[in-house]
Amino acid sequence: MATLTALSRHHTQALFRCAMHQSPVLSPYSRIQARAFGIKTTLKVQEHISNMIKKDKEKDKAQGSTHDPKERKIELPPNGPEPFTDTMFSTMPAELRVPHFPEPMRSDTMDHKWKTSDLESLDIGETKHRIPDLISDKFALWAVKSARKPTDIFFRNKYLHRSVMLEVVAAVPGMVGAVIRHIKSLQGMRHDGGWIGHLLHEAENERMHLMTWMEVGKPVLWERALIATVQTGFFAVFSLLYMVSPRTAHRVVGYLEEEAVTSYTHFIKEIDAGRIENVKAPAIAVAYWNLDESATLRDVVLAVRADEALHRDTNHHFSDRIRVGRESLYEDLDHADDKPHIKY
């Protein structure tokens with residue numbers, strides 16, 4: 001700065017114009033002054049950095065450490081290295097330390113290990129069908145049947161990949177219904193009637209179906225992209241439908257689950273015919289449905305089909321309750337039992 005203030009006003013303005021690329025032409029004397037100023041400034045900066053490094057080294061030596069890896073000495077505690085402390089785990093609330101495991105749909109699933117004979121003996125109503133009588137019900141059936149046609153054309157007999165597509169879509173309605181009913185319960189400041197818990201359970205169950213098929217099917221990248229696109233569109237359409245007519249939305253899910261039962265029945269037939277290898281059941285399926293250790297892919301399909309049959313009956317029933325204006329499940333439970341029920 002001393003050199004800069006010593007320059008004449010003319011030379012100072014010329015230097016700044018040069019720095020800003022405004023005046024590419026300088027007099028010989030100004031050019032020499034500018035170069036001298038730049039050299040002195042560079043030397044001062046280097047000297048300042050050198051002093052900083054020197055002070056850091058002196059500080060490290062005073063503390064008994066050094067920047068040279070060869071001379072650095074690592075002193076361990078007398079009782080050995082200190083144990084690693086994970087601050088994220090140590091600050092975790094007690095509630096989060098109890099893991100939440102998804103619960104299967106049937107309450108008797110954990111009573112015993114389920115074998116093939118147990119799964120085959122379940123009365124799921126393979127051919128059960130709700131005949132539509134209202135225009136909205138006929139629309140719901142038409143929508144589901146129309147959506148199935150391109151799926152049949154695209155996947156054909158690739159039932160593992162078809163199952164992934166099915167479960168990605170089937171996991172949406174329960175969550176959408178639960179969220180919308182939750183918001184309505186808050187806005188109306190009234191009880192939901194016991195639906196939210198059942199809808200969340202259904203969504204979680206469908207998600208576990210997807211996690212199971214992902215272990216077996218292993219869809220490739222382009223199939224994942226297609227499935228994600230279909231799910232995004234279905235989520236938007238179904239959310240709008242549920243806000244406009246929840247009765248029709250549940251009827252759509254009921255018919256969708258009818259098609260799911262049919263698809264999984266065909267899946268079982270393909271395995272029995274030997275066209276799909278009956279591999280060992282993935283560990284996630286054995287744990288979730290409490291299957292026997294010798295469980296195979298066929299047992300998993302039987303368990304999934306039984307769940308879809310429950311979702312079929314539940315959603316048709318939900319639609320019927322909305323139609324007759326008896327949405328609260330607790331009213332019927334209060335009449336069926338003398339004990340009072342807590343409403344949520």
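This passage describes the open and enclosed spaces of the structure above and two of the helices around them.

The model is predicted, so local features need pLDDT of at least 70 and side-chain atom pairs count only at pLDDT 80 or more, while totals for chains, interfaces and linings use all residues. Residues are numbered from 1 along each chain as its sequence is written, and side-chain values use heavy atoms, with hydrogens and water left out.

Spaces were sought on a 1 Å grid over the protein atoms alone: a pocket is an open set of points with protein on both sides within 12 Å along at least five of seven lines, a cavity is a set where a 1.4 Å probe fits but cannot get out, and lining residues have an atom within 4 Å of a point. Points are joined across faces, edges and corners, and a volume is the space filled by probe spheres set on them. The largest pocket has a volume of about 610 Å³. Of its 24 lining residues, Ala-147, Arg-148, Thr-151, Val-169 and Leu-256 are the closest to its centre. Helices (DSSP runs of H or I, at least four residues, numbered from the N terminus) supply much of this wall: α6 (135–155), α7 (159–188), α9 (221–244) and α10 (246–272) each give two or more residues, and α6 gives the most, with 10. The lining comprises 18 nonpolar, 2 polar and 4 charged residues, where Ala, Val, Leu, Ile, Met, Phe, Trp, Tyr, Cys and Pro count as nonpolar, Asp, Glu, Lys and Arg as charged, and the others, Gly among them, as polar.

The second largest pocket, of about 240 Å³, also draws on α7, which provides the largest share of its lining, 4 residues. Its lining includes Arg-181, Lys-184, His-191 and Glu-327, and divides into 4 nonpolar, 3 polar and 5 charged residues. Helix α7 itself reaches 44 Å over 30 residues, close to the 44 Å expected from 1.5 Å times one less than the number of residues. Because 22 of these 30 residues are buried, α7 is largely enclosed by the rest of the structure; buried means under 20% relative accessible area (1.4 Å probe, protein chains only). Just after α7, Met-189 takes a positive phi of about 55°.

A single cavity of 30 Å³ or more was counted, and the space in it is about 90 Å³. Among its lining residues are Arg-106, Trp-114, Trp-289 and Asp-307, with the largest share, 3 residues, coming from α12. Helix α12 (residues 297–324) is mostly covered, with 21 of its 28 residues buried, and Gly-325 just after α12 has a positive phi of about 75°.

Note on methods. Buried < 20%, exposed > 50% of the residue type's maximum accessible area, 1.4 Å probe, protein only.
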